[in-house]
Structure formats: structure tokens, C-alpha cells
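Here is a short briefing for a first look at this structure. Keep the sequence and the model open side by side as you read.

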Amino acid sequence: MLIKVLGLLFLISGSLALEGYKILEISPNSEDESNVVEQLSETYDFLKLTRVEPSQVLVSPEEYQTLSGLLAKYNVNFKTINENVLADILTDATDNSKLCATSRLGTDCYRSHSEINNYIDELQRQYPNRVNVKKVGVSYEKRDLKTITITNGDGRANKKIIFVDAGMHAREWISPSVGLYVIQQLVENFSENKNLLQNFDWVVMPMINADGYEYTRADTKNRMWRKTRKPYNKCFGVDPNRNFDFKFGYAGTSAKECDDTFKGPNPFSEPETAVLRDVLKSYKGRISFYLTLHSHGAYLIYPWGYDKIDGPNKNELEDVSQAGYQAILKHSGRKYKVGNAAKLMYPAAGASDDYAYSEGARISITMELPSGGLRGFDPPPKDIKKYVEESWVGIVAMANKVVEKY
Ligand SMILES: *[C@@H]1O[C@H](CO)[C@@H](O)[C@H](O)[C@H]1NC(C)=O
Ligand SMILES: [Zn+2]
């Protein structure tokens with residue numbers, strides 16, 4: 001009941017102007033307290049939601065009042081880790097414009113959706129025998145959604161596929177940056193990565209939620225938007241990563257239109273998720289490795305995510321994830337957390353990793369890229385390079401494992 005009242009408050013306060021927003025870190029100390037956090041996650045905007053370390057939630061001034069009261073009531077420890085989210089966003093925006101003005105590639109600053117599409121179109125013109133860009137659909141606001149297929153140019157058809165997608169959650173800007181870096185390395189640094197393309201083609205969809213992404217870019221006050229942009233009564237958008245048709249509407253999803261984990265009225269209600277579904281179906285039986293890029297927290301997690309149940313080839317999922325873990329540890333010393341998605345985080349149904357897995361992808365992994373910067377969310381623009389390079393090391397190691405064994 002309390003939570004319902006809070007949901008209503010949020011609806012009335014409505015805007016996401018970010019004035020006075022803070023980030024709280026919540027540290028439950030028991031199963032009961034974790035269950036309180038799980039409940040709250042349906043209503044509040046969690047930036048990070050996990051059982052194995054503190055979670056993080058973005059709150060408006062009004063939400064701060066109600067949430068801190070609730071947490072105190074349930075005796076759950078919390079502290080404020082960022083007092084002024086908007087200030088960091090404004091700094092990042094200024095830095096990003098400067099960096100974009102002097103750099104060429106999408107990974108030197110955070111780029112727009114059309115710059116990303118232009119970059120992959122340009123690669124097709126430059127490397128026509130190894131690159132094929134396809135328009136696979138349009139977003140709700142009619143932006144072109146594209147995939148890029150990267151081969152070694154030997155013309156052999158029906159190879160197995162490594163599929164990578166990015167940009168599902170609008171505000172997770174480091175995700176499409178890593179997606180672009182994957183593309184850049186495979187295409188422009190082909191000679192170094194030939195082995196990854198010998199018996200496998202790579203298909204990358206670098207920007208799924210194009211509307212949401214452009215919305216976060218349009219105004220700093222929209223920077224923390226997560227969902228798609230199709231209207232639902234007074235609110236906008238669906239959480240695309242709750243909108244896939246596998247255990248749709250089970251745990252960790254909301255039926256309320258204004259919530260950040262709104263699952264949508266039905267599976268694939270969003271053109272963006274329907275496009276990804278169709279793309280995945282078009283490669284049915286060929287996908288050895290499905291990798292979806294999110295942020296944040298440095299996690300490599302695998303199905304099932306809808307409930308704390310291991311997938312049938314759990315050992316293979318763990319094997320590939322461990323390869324990524326080890327490679328990144330060696331590269332930078334960073335320790336990713338690895339494991340079953342529902343056990344490590346909280347159950348969340350209708351996600352694309354479960355869907356791809358249920359449709360036959362042998363290995364399916366969500367990579368929650370590391371936190372960065374003062375917001376503890378996306379890294380600031382000047383750090384993008386370091387993040388994409390480190391992430392690529394992990395992706396190569398996982399892909400090599402798949403190429404060797406799966
Ligand atoms: C190409 O790949 C190699 C090996 O990963 C790396 O050392 C090098 O920096 C890459 N070159 C470019 C231009 O990205
Ligand atoms: Zn995400």
C-alpha cells in the first residue's frame with residue numbers, strides 16, 4: 001500500500017528535471033531487508049540492483065523524503081553517495097561537446113544515434129567485402145535501426161554467429177560506445193582479430209533504443225531516462241529489457257506505466273524489441289554467443305534471469321564468463337562479478353538474455369559495464385577510451401572461448 005502511494009506521488013511530481021536529485025546507496029543486511037529492496041525496486045529508479053553488494057537508487061527530493069522514511073522504518077542501512085546528480089551531468093555534457101569537436105570515432109566521445117549509423121554506413125563503403133549494414137526496422141519515432149554484419153570476406157555462408165547488442169537502456173551511454181569499439185576493432189583492426197572471424201560472423205546492433213538515447217541527449221534534464229519513448233497515458237516508454245516474451249511479467253517487472261521497469265502492455269509492445277526479436281529469429285540455430293551490453297556495476301551474468309534457476313548448460317555459461325573475468329582482471333585488475341543473473345542481482349523477467357537463450361543461443365551473457373565518474377554511473381567522456389579498451393579485452397576472451405569450444 002505504501003508503495004502504491006509512493007508511485008502516485010511520483011506520478012504527480014512527474015518530471016525528471018533532475019533538480020535536487022541524489023543517489024542513495026542501500027545496504028541490506030539480511031534476507032528480509034533484501035526483500036524490502038526488491039519490493040522498492042518496482043517503484044524506484046534503481047541504477048544498480050544487486051544482492052552481493054550495495055544497490056543504488058536515483059531519487060527526487062520528494063522521493064528522498066519518502067524513501068529514507070521507509071528505509072528507516074525497515075531498519076535498512078543507506079547513505080547518500082551523490083548529493084547533486086545534475087552538476088555532474090552538466091560537467092560531462094560540456095566535456096563531451098569539446099571532445100566530440102576534435103575526434104573522429106564514436107568511442108572518443110559519446111556520439112549521437114545518427115553519427116553511429118553514419119559510422120557503420122561508412123565502414124560498409126570502405127570495406128564492402130567484409131561489412132554488410134542492414135536497416136532492420138525503425139523505432140517508435142521512426143529512427144532507423146541497423147545491424148552491421150562483419151565477416152572475413154571469404155564468402156562462406158551460414159557460419160555460426162556472435163551477436164552483440166547495445167543501447168537498450170537509454171542512459172547507459174557507455175554501452176553503445178563499447179558496441180562501436182567492437183565494430184571498429186573487428187573491421188578496422190581486422191588483421192589482429194582474424195581468428196575471431198574464421199568460422200564465425202559477427203552481427204552487432206549498436207543502438208536498440210534509439211529514441212530513448214536521443215531523448216537523453218536532447219536535454220541534460222533527460223539524461224537519466226531509461227525506457228523507450230512510446231506514450232502510455234500520462235507517461236512514456238517501456239523498459240525494453242522487461243518486454244521480451246519469455247516469462248513475461250514474472251518477477252522484477254512493473255505493470256505501472258510510469259515506473260522505470262514498466263514491462264509494457266504485452267510482450268514486444270515496443271517496435272525496438274520487436275525488431276530485435278525478428279533479427280534474432282532470422283539467425284535462429286546459428287547464434288553461438290549472444291552478448292548484450294548494459295551498465296553499470298561490472299557484472300557478467302547469465303540465464304536464467306527470471307528466477308533463481310540455472311540454465312541447462314550452466315557450466316558452459318560459467319566457462320565463457322570466467323574467460324572474460326580472467327582477461328579483464330589481468331588487463332586492469334578489475335574484478336567483475338560472475339554468475340546467474342537472478343541469484344547475483346534480483347530476478348527480472350522478460351529480458352533479452354533470457355529470450356535469446358530460450359530461442360537457442362548456446363551462450364547468452366549480459367555484460368554490465370563498470371561504473372565510472374562522480375555519479376558512479378557512466379564514465380565521464382574523457383575515460384571512455386579506457387573503458388572500451390578494457391571491455392574489448394573481456395569480449396575477445398569470451399569470444400575466443402566460444403570460438404574454441406562452442
Ligand atoms: C589492434 O589490435 C591490437 C591487439 O589487440 C592492439 O594492440 C592495437 O592497439 C589495435 N589497433 C588499433 C588501431 O586499435
Ligand atoms: Zn541496462
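**Briefing: a serine, helix contacts and inner spaces**

S34 touches P28, R51 and Y346, leaving aside residues up to four places away in sequence. The model is predicted. The points below cover two buried residues, two helix crossings, a cavity and a pocket.

**S34 and Q56**

- S34 is part of helix α2, which spans residues 31-40.
- S34 counts as buried because its relative accessibility is 9%, and buried means under 20%.
- From S34 to E270 the C-alpha distance is 31 Å, and the two are 236 residues apart in sequence.
- Q56 sits in strand β3, residues 55-59.
- Q56 has a relative accessible area of 7%, so Q56 is buried.
- Q56 and F46 are ten residues apart along the chain, yet their C-alpha atoms are separated by 5.7 Å.

**Helix α13 with α10**

- Two packed helices are described by the angle between their axes and the distance between the axes.
- Helix α10 covers residues 314-332 and helix α13 covers residues 384-405.
- Their axes come within 8 Å and cross at roughly 145°.
- The crossing of α10 and α13 is right-handed.
- On the α10 side, the contact is made by D319, V320, S321, A323, G324, A327, I328, H331 and S332.
- On the α13 side, the contact is made by E389, E390, V393, G394, A397, M398, K401, V402 and K405.
- By class, this contact of α10 with α13 has eight nonpolar, five polar and five charged residues.

**Helix α13 with α6**

- Helix α6 runs over residues 174-188.
- The axes of α6 and α13 come within 9 Å, and they cross at roughly 65°.
- This crossing of α6 and α13 is right-handed.
- From α6, the contact takes in I174, S177, V178, Y181, V182, Q185 and L186.
- From α13, the contact takes in I384, Y387, V388, E389, S391, W392 and I395.
- The contact of α6 with α13 has ten nonpolar, three polar and one charged residues.
- E389 of α13 takes part in the contact with α10, and E389 also takes part in the contact with α6.

**The largest cavity**

- The structure holds four cavities of 30 Å³ or more.
- The largest cavity has a volume of about 520 Å³.
- It is lined by 33 residues, and the closest to its centre are R226, R242, M345, A348 and E368.
- Strands β2 (45-48), β11 (287-295) and β14 (363-369) each supply at least two residues of this lining.
- β2 gives the largest share of the lining, four residues.
- By class, the lining of the largest cavity has twelve nonpolar, ten polar and eleven charged residues.

**The second largest pocket**

- The second largest pocket has a volume of about 250 Å³.
- Its lining has 15 residues, of which D92, A93, N96, W173 and R223 are the closest to the centre.
- Helices α4 (85-102) and α8 (210-218) each supply at least two residues of the lining of this pocket.
- α4 provides the largest share of that lining, six residues.
- The lining of the second largest pocket divides into six nonpolar, four polar and five charged residues.

Conventions. Residues numbered from 1 in each chain as written. Chains lettered and ligands numbered in written order. Predicted model: local features only at pLDDT ≥ 70, side-chain atom pairs only at ≥ 80, totals over all residues. Heavy atoms only, no water. Axes fitted to C-alpha atoms, helices over the stretch in contact; angles between N-to-C directions. Left-handed = near helix turned anticlockwise from the far one by under 90°. Contact = heavy atoms within 4.5 Å. Nonpolar A, V, L, I, M, F, W, Y, C, P; charged D, E, K, R; others polar. 1 Å grid on protein atoms, 1.4 Å probe; cavity = no way out; pocket = protein on both sides within 12 Å on 5 of 7 lines; lining within 4 Å. Points joined across faces, edges and corners; volume = space filled by probe spheres on them. Buried < 20%, exposed > 50% of the residue type's maximum accessible area, 1.4 Å probe, protein only.
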